[in-house]
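Here is a short set of exercises to work through with the model open beside you. Try each task before you read its solution.

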Amino acid sequence: MDFNLSKEQELLRDGLGRFLSTRYDLEKSRAAAKTGAGWQPDIWRGFADELGILGAALPENVGGIGGGPVEVMVIAEALGHALAVEPYVDTVVVAGGLLQRAGGSAAAALLEKVVAGSAIVALAAAEPGSGEQWQDASTVADRDGDEWVLRGSKIVATSAPLATHLLVTARTTGGLSLFLVETDSAPTGIEMHNYRTIDDRRAADLVFDGLRLPADALLGQEGRAWPSLAQARDEGAAAICSEAVGCMRKVLADTVEYCKQRQQFGQPIGSFQVLQHRMVDMYMELEQAVAAVYLAVLNLEAEPAARARAVSAAKATIGRAARFVGQQAVQLHGGMGMTEELAIGHYFKRLTALQFEFGSTDFHVARYASLTKA
């Protein structure tokens, strides 16, 4: 099996890496996350106009380049290395995949806006009491003439405060369905409680109280949304696994460099064998994570059970590696590792949050076990 990138994929990786190294300042991005809009719209515009990465994995008929899971892996890893907070995974990977599979003119028009960088789309699927089981939605959508009426609530809808559109799951008479909600039109019947997460992302809890939607707000077939949602969840999980690899590469490199410079007893602490062993262990965890990501990415287009097994194996491996690498990096930096002044503290928070997105480590261990029963 060939794990080498194609020439085009290498150019994508290198071009994005150069852009982020020269244009994406960590201090500026943290300031925007904490006190500003929560992201940098000019960076997002650069992603669309200068790099074209927002359409790299989307089909050509909506203005994309027609790439696939490997392109997403390359992009997500680079964004993780730079600790970018812009909603690439939520908008392009998760929402983009859902819109593609839903089909229809409304979905195609929105995808064109995503590629152009003029639309941000977020999924609202998790609910209070349902834990990590997206299919157990209690939000309902009832028909009223030519309209749909939504009632219910969602929690931790990441990127929702930034979004121009939401994709909302709701129970209909036919089963689980997916609806498109335009947030920039300030519809009545929706309350959005915004907040900043521990890793400087923006998320929201939503309450739908009689939100009225037109008939064409239904995406795809009524009651048949779950297979597409399950696939979107796996695609999102694989993407953030790639993002975690980028984070861990940066954390390991910074830790090794710090241990070369930090002096104790008249010599660099990196010369102490016990600390060298720790850094080797960090490297081994990283390499296992890389292999697990390849497994997931290369199985994203497989049949659902094989895809789910590969993604759960990767997410569980990444969860363990992210925890170990992050904790060791903080310890090797001493008390400075948790400060706002060093990048390590910010990366540690993101690596911690990544362990719970699109299913926690425990969730994926249990799912993998259930899928591999004899």
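**Exercise 1. A salt bridge between two helices**

Is Arg320 buried, partly exposed or exposed? Find the salt-bridge partner of Arg320 as well.

*Solution.* A word on the source before we start: this is a predicted model, in which local features need pLDDT of at least 70 and side-chain atom pairs count only at pLDDT 80 or more, while totals for chains, interfaces and linings use all residues. Residues are numbered from 1 along each chain as its sequence is written, and side-chain values use heavy atoms, with hydrogens and water left out.

Step 1. Arg320 has a relative accessible area of 39%, so Arg320 is partly exposed (buried is under 20%, exposed is over 50%, and partly exposed lies in between, with a 1.4 Å probe and protein chains only).

Step 2. The partner is Glu285, at 3.1 Å from N to O; a salt bridge here needs a side-chain nitrogen of Lys or Arg within 4 Å of a carboxyl oxygen of Asp or Glu.

Step 3. This pair links distant parts of the chain, since Arg320 sits in helix H9 (residues 304-333) and Glu285 in helix H8 (residues 273-297), 35 residues apart. Helices are DSSP runs of H or I with at least four residues, strands are runs of E with at least two, and both are numbered from the N terminus.

Step 4. Glu285, at 14% relative accessible area, is buried.

**Exercise 2. A second pair of helices**

Which residue forms a salt bridge with Arg23?

*Solution.* Step 1. Arg23 pairs with Glu50, and their closest N and O atoms are 3.0 Å apart.

Step 2. Arg23 belongs to helix H1 (residues 7-23) and Glu50 to helix H3 (residues 41-51), so this contact ties together parts that are 27 residues apart in sequence.

Step 3. With a relative accessible area of 37%, Arg23 is partly exposed.

Step 4. For the full tally, the rule gives 20 salt bridges.

**Exercise 3. The strands around S7**

Which residues of S7 are the bridge partners of Arg151 and Ile190?

*Solution.* Step 1. Strand S3 (residues 147-158) pairs with strand S7 (residues 202-214) in the antiparallel sense over 10 bridges; two strands pair if DSSP finds at least two bridges between them. Arg151 has Asp209 as its partner in S7.

Step 2. Strand S6 (residues 190-196) also runs antiparallel to S7, joined by seven bridges. Here Ile190 is matched with Phe208 in S7.

Step 3. S6 and S7 form a hairpin with five residues between them, and Asp200 in the turn has a positive phi of about 70 degrees.

**Exercise 4. The largest pocket**

Which residues are the closest to the centre of the largest pocket, and which element gives the most to its lining?

*Solution.* Step 1. The largest pocket has a volume of about 540 Å³. On a 1 Å grid over the protein atoms alone, a pocket is an open set of points where a 1.4 Å probe fits, with protein on both sides within 12 Å along at least five of seven lines, and lining residues have an atom within 4 Å of a point.

Step 2. Of its 24 lining residues, Val156, Thr158, Phe356, Glu357 and Phe358 are the closest to the centre.

Step 3. S3 gives the most to the lining, with four residues.

Definitions and conventions. Grid points are joined across faces, edges and corners, and a volume is the space filled by probe spheres set on the points.
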